[in-house]
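Student: Could you walk me through this model? I'd like to start with what sits around one of the ligands.
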Amino acid sequence: MKLLVTGGAGFIGSNFILYWMKNYPEDEIVNVDKLTYAGNLDNLKSATPSPRYKFIHSDICDAVALREALVGVDTVVHFAAETHVDRSIMEPGAFVRTNVVGTHMLLEAALEARVGRFHHVSTDEVFGSLELGSTKKFSETTCYDPRSPYSASKAASDHLVRAYFHTYGLPVTITNCSNNYGPYQFPEKLIPLTITNILEEKKVPVYGDGKNIRDWLHVEDHCRAIDVVLRKGKIGETYCVGGLRQDVDNNAMVHKLIGLMGKDLSAIEFVKDRQGHDRRYAIDWTKIQRELGWSPLHDLDTWLVATVEWYTKNQDWWRRTKSGEYQSYYEKQYGAKQ
Ligand code: NAD
Ligand code: TYD
């Protein structure tokens, strides 16, 4: 099989490429990535020498490049996106361009190339925000109610993907998953930011009262979920993917990480809340478990130990990503004193 992976130099995309090359040694992979601030070819050092792997430095909004990249491709796995909510609040335009227009360009190219599968990677954030204290969870039948420029642009992309299935018969599948964590995550997101700030002896910024709740999914479990959907998923269907059964709020997450790293809670600094900050996400992942036999490999605490270990051992990787553009973003987001 030949796969086109978009956004393969990013966090989840690069984990997926490494996962796929290890588990499917016969397959070929073409990675189309624009290399924004979040794209990092260092993640793919072990894949690069392989004749089964090809990198194309391109924007998914470039129809000509997409047409060439799709020659001989059976399956598209679409990760490329602008992904950070805080940046979407600062500069929403880039999110509309890549997540909406880019997804449309890719759908057009995939339809023309008659691919056998178009898998779209999306987020639970399209469903909006649940109340604190409620036991409700998002599922495949939850109505869309996005509230940030990021989630609104991902919701639009999901609608386009479904429209291409219903209108043109493009064989699509969609996964809406929760917050990922693991190796190679850009340190703007909560877990790698917390671990790397602790390693740098900096404060850990927690927004608002820290009681916001996310569902947490290890990136390897996410790759396994996409794998099972590609192999056994039903065309036209959506699968929700989450990692937890019980709520963990941001305070609890940060406390766990601080504890694992042998520090005390004085490392925390409560900072100004995010605008429009979604309170609670929780995913009901019964469908993918029941129909496709997927469940997480390990529990949160086990995966967090592995994650702290990875960032502790791979300081060269994240220290490079934290220099340059990241510095000016950090000052804009958190102020210069941090
Ligand atoms: P990321 O920000 O780490 O990587 C995104 C990648 O896309 C980068 O390599 C970047 O260079 C590339 N890219 C951006 N714009 C592009 C364009 N116009 N053309 C080509 N490439 C472009 O993102 P991630 O965390 O790996 O997320 C991957 C996908 O998973 C996204 O679609 C995201 O919405 C979805 N998702 C992520 C999470 C999460 O917690 N990280 C959770 C749910 C869903
Ligand atoms: P984030 O990793 O940005 O993912 P998302 O916004 O897509 O869920 O944030 C996860 C949670 O952590 C969210 O409730 C916001 C909060 N957060 C902080 O408290 N401090 C931070 O510095 C960051 C980046 C996030």
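Tutor: Let us begin with a term: a polar contact is a pair of N or O atoms within 3.5 Å. Please also keep in mind that this is a predicted model.

Student: Okay, so how far is the polar side-chain atom of N250 from an oxygen atom of ligand 2?
Tutor: The separation is 2.9 Å, and N179 also places a polar side-chain atom by an oxygen atom of ligand 2, in that case at 2.8 Å. With Y207 it is a polar backbone atom that lies 2.8 Å from an oxygen atom of the ligand.

Student: And how much of the accessible area of ligand 2 does the protein cover?
Tutor: Taken on its own, ligand 2 has 510 Å² of accessible area, and the protein covers 98% of it.

Student: Which residues are the closest to ligand 2?
Tutor: Those are E125, R214, R274, H277 and Y334, out of 18 residues that surround the ligand. By class, the shell consists of 8 nonpolar, 5 polar and 5 charged residues.

Student: Which element gives the largest share of that shell?
Tutor: Strand 8 does, with 3 residues, while helix 6, which spans 190-199, also supplies at least two.

Student: Switching topic, at what angle do helix 1 and helix 7 pack?
Tutor: The angle is about 65°, and the axes of helix 1 (residues 11-23) and helix 7 (residues 219-232) are 9 Å apart. Their crossing is right-handed.

Student: Which residues make that contact?
Tutor: Helix 1 contributes residues including F11, F16 and W20, and helix 7 contributes others, among them V219, I226 and L230. Sorted by class, the contact has 9 nonpolar, 2 polar and 2 charged residues.

Key: Residues are numbered from 1 along each chain as its sequence is written. Chains are lettered from A and ligands numbered from 1 in the order in which they are written. This is a predicted model: local features need pLDDT of at least 70, side-chain atom pairs count only at pLDDT 80 or more; totals for chains, interfaces and linings use all residues. Side-chain values use heavy atoms; hydrogens and water are left out. A residue is near a molecule or strand if one of its heavy atoms lies within 4 Å of it. A polar contact is a pair of N or O atoms within 3.5 Å; within protein, one must be able to donate a hydrogen and the other to accept it, and residues adjacent in sequence count only if both atoms are side-chain atoms. Accessible areas come from the Shrake-Rupley method with a 1.4 Å probe; for residues, only the protein chains shown count as cover. Helices (H or I, at least four residues) and strands (E, at least two) are DSSP runs, numbered from the N terminus. Ala, Val, Leu, Ile, Met, Phe, Trp, Tyr, Cys and Pro count as nonpolar, Asp, Glu, Lys and Arg as charged, and the others, Gly among them, as polar. Axes are lines fitted to C-alpha atoms, for helices over the stretch in contact, and angles run from 0 to 180 degrees between N-to-C directions. A crossing is left-handed if the near helix is turned anticlockwise from the far one by less than a right angle, and right-handed if clockwise. Contact means heavy atoms within 4.5 Å.
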